[in-house]
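Me: I've got a model open and I'd like to check the labels people put on its parts. Can you take me through the reasoning behind them?

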Amino acid sequence: MLVVVTSVKSGGATTFAAALAAVWPDEAALLIEADPAGGDLGGWHGLPDNPGLASLANACRSGHPDLAEHTARLPFGVDAVLAAAGRPQASAAIGLLADAEPARWAKERPTVVDIGRLEPGSPALPLLELADVVLVVAGGDALSLLRLSLAEIPSGRARLVTVGRVDYSMNDLANLVGVPLIAQMPWDRHSAEIIAGKRRIGRAWNRLGLPATARALAASLVRQGTFPVR
């Protein structure tokens with residue numbers, strides 16, 4: 001399964017994508033940073049971005065790459081393909097990656113792709129059409145949801161994931177936002193700081209809060225498989 005995670009503004013897409021990959025049921029998921037603005041995870045954890053997204057993209061040009069050669073193990077237990085922190089380097093690699101049909105890798109191993117903020121002309125946009133599901137992360141406050149209602153989400157497979165308290169009833173939310181709600185995540189500072197490398201990892205860090213809710217969502221996605229295009 002190929003899951004693409006995005007946001008309209010600063011919606012915590014990277015934190016959510018990392019949590020989702022960390023708790024994927026039955027088999028370990030691969031996390032790919034494909035944010036045109038640059039990757040965060042390498043900087044957060046002091047890991048090099050090479051090998052990473054750029055080396056994977058270059059390897060794709062010459063045949064069928066071995067994903068294991070381009071991944072790093074994050075301290076909280078996730079295998080990730082890390083992107084360079086700089087926008088030009090990340091954008092160039094993402095353009096090559098989109099042409100490499102990453103959906104075929106996801107048939108062998110569940111793959112979560114963080115494409116960061118959804119922007120017109122983003123080189124990551126082709127990945128939306130390859131995804132089995134697109135999870136759009138947004139705060140539950142009125143301003144965040146208003147921004148989402150004004151955005152163009154170019155995929156019939158998009159589903160909304162809110163973070164924190166939602167300021168609308170479910171009926172009002174459905175009328176405001178043209179993306180069906182699939183999950184409501186709690187604001188979980190503890191887990192966010194673990195993912196960002198700011199807090200020591202406890203043995204049970206992924207059993208409560210954001211990881212626990214993400215696990216339930218991942219299990220639901222596995223059961224449902226792909227979504228029909230609306």
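Reply: Sure. Bear in mind that this is a predicted model. Start with the sheet: an open one of 8 strands with mixed pairing, in the order β3-β4-β2-β5-β1-β6-β7-β8.

Me: What makes β3 and β8 stand at the edges?

Reply: Each of them, β3 (72-73) and β8 (181-185), has a single partner strand, so one side of each is left without a neighbour in the sheet.

Me: How do you know that β3 and β4 pair?

Reply: Pairing takes at least two bridges between the strands. There are 2 bridges joining β3 to β4 (residues 79-81), so the pair qualifies, and the two run antiparallel. Ala 72 stands opposite Ala 80 in β4.

Me: And what joins β2 to β4?

Reply: 3 bridges, with the strands running parallel. Against a minimum of two, β2 and β4 therefore count as paired. Leu 30 is opposite Asp 79 of β4. On β5 (residues 111-117), β2 has 4 bridges, again in a parallel run, and Glu 33 has Asp 114 as its bridge partner there.

Me: Which way do the side chains of β2 point?

Reply: From β2 (residues 30-33), Leu 30 and Ile 32 point one way, Leu 31 and Glu 33 the other way, and all are buried. In a regular strand, side chains alternate between the two faces of the sheet.

Me: What lies across β8?

Reply: Helix α10 (residues 209-224) does, and it also lies across β1 (2-7), β6 (133-139) and β7 (158-163). Relative to β8, α10 runs at about 160 degrees.

Me: On to the charges. Why is the Arg 73 and Asp 79 contact called a salt bridge?

Reply: The cut-off is 4 Å between a side-chain nitrogen of Lys or Arg and a carboxyl oxygen of Asp or Glu. Arg 73 and Asp 79 come in at 3.0 Å, N to O, so the name applies. Arg 73 and Asp 79 are also linked with Arg 109 in a network of salt bridges.

Me: Why is Asp 79 called buried?

Reply: Buried means under 20% relative accessible area, and Asp 79 has 17%, so it counts. Arg 73 has 52%, and exposed means over 50%, so Arg 73 is exposed.

Me: How do you know that Arg 165 and Asp 167 form a salt bridge?

Reply: Their closest N and O atoms are 3.1 Å apart, which is within 4 Å, so it is one. Arg 165 is exposed because its relative accessible area is 70%, over the 50% mark. Asp 167 has 37%, in between the limits, so the label is partly exposed.

Me: What about Glu 193 and Arg 199?

Reply: Those side chains meet in a salt bridge too, at 3.0 Å, N to O. Glu 193 is buried at 16%, being under 20%, whereas Arg 199 is partly exposed at 37%. The structure holds 5 salt bridges.

Me: Last one: how do α3 and α4 pack?

Reply: Helix α3 (residues 53-60) and helix α4 (residues 87-98) pack at about 35 degrees, axes 8 Å apart, and the crossing is left-handed. Among the contact residues are Leu 53, Leu 56 and Ala 57 of α3 and Ala 90, Ile 94 and Leu 97 of α4.

Me: What is the make-up of that contact by class?

Reply: The contact of α3 with α4 has 9 nonpolar residues, 1 polar and no charged ones.

Terms used
Residues are numbered from 1 along each chain as its sequence is written. This is a predicted model: local features need pLDDT of at least 70, side-chain atom pairs count only at pLDDT 80 or more; totals for chains, interfaces and linings use all residues. Side-chain values use heavy atoms; hydrogens and water are left out. Buried means under 20% relative accessible area, exposed over 50%, partly exposed in between (1.4 Å probe, protein chains only). Axes are lines fitted to C-alpha atoms, for helices over the stretch in contact, and angles run from 0 to 180 degrees between N-to-C directions. A crossing is left-handed if the near helix is turned anticlockwise from the far one by less than a right angle, and right-handed if clockwise. Contact means heavy atoms within 4.5 Å. Ala, Val, Leu, Ile, Met, Phe, Trp, Tyr, Cys and Pro count as nonpolar, Asp, Glu, Lys and Arg as charged, and the others, Gly among them, as polar.
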